[in-house]
Amino acid sequence: MQRDDAAIRDAVWRTARAMHREGLVRLSEGNVSARCGGGRVAVTPTSLPYADMTADDIVVVDADGTRLFGERRPTSELPMHLGLLAALPEVGAVVHTHSPYAVAFAACGRPVPAVIAGEASLVGGEVPVARLAAPGSPDMATAVMEVLRTAPGRRAVLLQSHGLVAFGAGLDEALAVALYAEQMAQTTALARLIGTPTILNVG
Ligand SMILES: [Zn+2]
C-alpha cells in the first residue's frame, strides 16, 4: 500500500458515513469508491453497516479488482465502480445510493427532470435512467455507459428498479451530485402534487 492511500481511504470512509447520515442509504446499502493513483481504487467493503465502519475497513484494489489492502471483501458492486472509473478518466470518485425519491423514479423507469436551476446545473441536467442490469455484475457499468453516450455531461444516472450512481472529480463532488439528484427527485415529486413543474433547459 502506498502511503497516500491512507488519506484516500479515510476520505472514502468519511464520504460513506456522510452518505448514510444524509439518509441516502440505510445499514450497508450503497457504496463509494475513489482513485488512489497508479490504477489503485479505494472502495467500501461489502455487508458492513456504516455505523460500524472505520477507515481501516476501506479496501484498496487494483484495476482488475485484486485486493491490495484490507481484511474485508470489497463491495459486491466493485465491477460497476471499476468499469465506470475505467471508462470515465475525468471521474475520480463514484457514489452509489438507494435514496428514496431517486429510487421511486428508478422504480418507474422515469428520468428525474431538471426542475431546480442550481442543483440541475451541478448534476448536469436531467438524471437519465440506465436499463435493468443485474446488481453486482459488470453489466451495470455497461448499462450506465450506454446512457452516458447518449447524454454526455450527465453526472448522475438512475439504475432501473435499483438506485442512483453519481460521479465527481473527487469524493465531495460525487456526494454533492448524489444529494442534489435526490433533492431534484424529491422536489419533482412534491411539485407534481401542486401543479406542473417547469422543466429547465440545463445540461
Ligand atoms: Zn445498490
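This passage describes the sheet, two packed helices and the nonpolar core of a predicted model. Local features were taken at pLDDT of at least 70 and side-chain atom pairs at pLDDT 80 or more, while totals for chains, interfaces and linings use all residues. Residues are numbered from 1 along each chain as its sequence is written.

Eight strands (DSSP runs of E, at least two residues, numbered from the N terminus) form an open, mixed sheet in the order β4-β3-β2-β1-β5-β8-β7-β6. Strands count as paired if DSSP finds at least two bridges between them. The edge strands, β4 (67-69) and β6 (129-130), each pair on one side only. β6 is joined to β7 (residues 156-159) by two bridges in the parallel sense, and V129 stands opposite L158 in β7.

Helix α2 (residues 78-87; helices are DSSP runs of H or I, at least four residues) lies across β1, β2, β3 and β5. α2 packs against helix α5 (residues 139-150) at about 40 degrees, with the axes 7 Å apart. Axes are lines fitted to C-alpha atoms over the stretch in contact, and angles run from 0 to 180 degrees between N-to-C directions. The contact (C-beta atoms, placed from the backbone, within 7 Å) involves residues including P79 and M80 of α2 and M140 and A141 of α5.

The largest nonpolar core (buried Ala, Val, Leu, Ile, Met, Phe, Trp, Tyr and Cys residues joined through C-beta atoms within 7 Å; buried means 20 or more other C-beta atoms within 10 Å) has 63 residues, and L158, A178 and A181 have the most contacts inside it. Helix α6 (residues 171-194) supplies the largest share of this core, ten residues.

Definitions and conventions: Buried ≥ 20, exposed ≤ 12 C-beta atoms within 10 Å, placed from the backbone. Contact = placed C-beta atoms within 7 Å.
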